[in-house]
Amino acid sequence: MARTDELTDGAAITAAFNLNVTAVMLLTARFLAAVADIKADRRVLNISSGAGRNPNAGWGVYCATKAALDMHARVVKQEQGADGARIVALAPGIVDTDMQAAIRASSVDSFPALAKFQDFHATGKLSSPANVASRILAYLDREDFGTTEIDDIRNYD
């Protein structure tokens with residue numbers, strides 16, 4: 001977390017894009033190539049974030065990587081068409097992960113929404129990883145999977 005005028009570590013920015021965008025694009029490409037001739041239901045589910053759809057000051061790199069992931073899903077859906085693989089970039093909601101702990105340990109100068117994220121933790125609004133994982137598995141099995149390529153697990157409470 002850092003304000004835009006403090007984003008001077010090119011290696012850290014590159015690492016974030018490699019993890020959240022490049023790796024996903026490469027894995028998706030390999031999967032699609034491997035299943036191109038298979039006549040079966042083919043599904044790709046990528047973990048996106050509300051941060052890719054809503055800006056958060058101090059979180060420019062993360063927001064940008066998740067926005068890129070969302071756009072990639074839109075492109076893949078367009079390329080695959082009605083008979084190709086189905087893809088969804090799914091936001092999992094606010095999950096109690098190490099990233100949330102890092103956010104809560106940051107400074108308000110670097111991350112102005114700090115109090116909101118501390119409140120999510122203090123009031124029990126973070127979902128457990130196990131709960132989110134089970135909901136993602138159920139989502140992946142939905143008959144309407146891929147109807148929309150950008151979705152949020154919280155739409156299915």
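**View 1. Tyrosine 139 sits among aromatic partners in this predicted model.**
Tyrosine 139 is buried, at 4% relative accessibility; here buried means under 20% relative accessible area, exposed means over 50%, and partly exposed is in between (1.4 Å probe, protein chains only). Residues are numbered from 1 along each chain as its sequence is written, and side-chain values use heavy atoms, with hydrogens and water left out. Because this is a predicted model, local features need pLDDT of at least 70 and side-chain atom pairs count only at pLDDT 80 or more, while totals for chains, interfaces and linings use all residues.

A pair of aromatic rings is described by the distance of the centres and the angle of the planes. Rings of Phe, Tyr and Trp (its six-membered ring) pair if their centres lie within 6.5 Å; planes under 30 degrees apart count as stacked, over 60 as edge-to-face and the rest as tilted. The structure holds three aromatic pairs. In one of them, tyrosine 139 meets phenylalanine 145 edge-to-face, with 5.8 Å centre to centre and 70° between the planes. Phenylalanine 145 is buried too, with a relative accessible area of 1%. Another edge-to-face pair joins tyrosine 139 to tyrosine 156, at 5.4 Å centre to centre and 65° between the planes. This pair links distant parts of the chain: tyrosine 139 belongs to helix 5 (residues 129–140) and tyrosine 156 to the segment after strand 3, 17 residues apart. Tyrosine 156 is partly exposed, at 30% relative accessibility. Together, Tyr139, Phe145 and Tyr156 form one aromatic cluster.

**View 2. Helix 2 has many buried residues, covered by several other elements.**
Helices (H or I, at least four residues) and strands (E, at least two) are DSSP runs, numbered from the N terminus. Helix 2 (residues 60–80) has 21 residues and reaches 30 Å from its first C-alpha to its last, close to the expected 30 Å; that expected span is 1.5 Å times one less than the number of residues. Its buried residues include Val61, Tyr62, Cys63, Leu69 and Val76. What covers them includes helix 1 (10–35), strand 1 (43–47), strand 2 (86–91), helix 3 (98–104) and strand 3 (150–152). Just after helix 2 comes glycine 81, with a positive phi near 65°.

**View 3. Phenylalanine 117 is a buried residue of helix 4.**
The relative accessible area of phenylalanine 117 is 6%. Contact means heavy atoms within 4.5 Å. Leaving aside neighbours within four places in sequence, phenylalanine 117 is in contact with Asn56, Trp59, Gln100, Ile103, Arg104 and Phe111. Isoleucine 94 is 23 residues away from phenylalanine 117 in sequence, and the two are 9.2 Å apart in space, C-alpha to C-alpha.

**View 4. Salt bridges join charged side chains.**
A salt bridge is a side-chain nitrogen of Lys or Arg within 4 Å of a carboxyl oxygen of Asp or Glu, and the structure holds eight. One of them joins aspartate 5 and arginine 3 (3.5 Å, N to O). Aspartate 5 is exposed, with a relative accessible area of 58%, whereas arginine 3 is partly exposed, at 41%. Arginine 154 and aspartate 152 also meet in a salt bridge (2.7 Å, N to O). Here arginine 154 is partly exposed, at 39%, whereas aspartate 152 is buried, at 13%. Elsewhere, salt bridges that share partners join Asp41, Arg43 and Arg86 into one network. Within this network, aspartate 41 and arginine 43 meet at 2.7 Å, N to O, and aspartate 41 is partly exposed, at 48% relative accessibility.

**View 5. The largest pocket is lined by 28 residues.**
Rolling a probe the size of a water molecule over the atoms shows where empty space is left. On a 1 Å grid over the protein atoms alone, a pocket is an open set of points where a 1.4 Å probe fits, with protein on both sides within 12 Å along at least five of seven lines; lining residues have an atom within 4 Å of a point. About 550 Å³ of space lies in the largest pocket. Ser49, Gly50, Tyr62, Gly93 and Met99 are the lining residues nearest its centre. Helix 1, strand 1, helix 2, helix 3 and helix 4 (114–122) each supply at least two residues of the lining.

Note on methods. Grid points are joined across faces, edges and corners, and a volume is the space filled by probe spheres set on the points.
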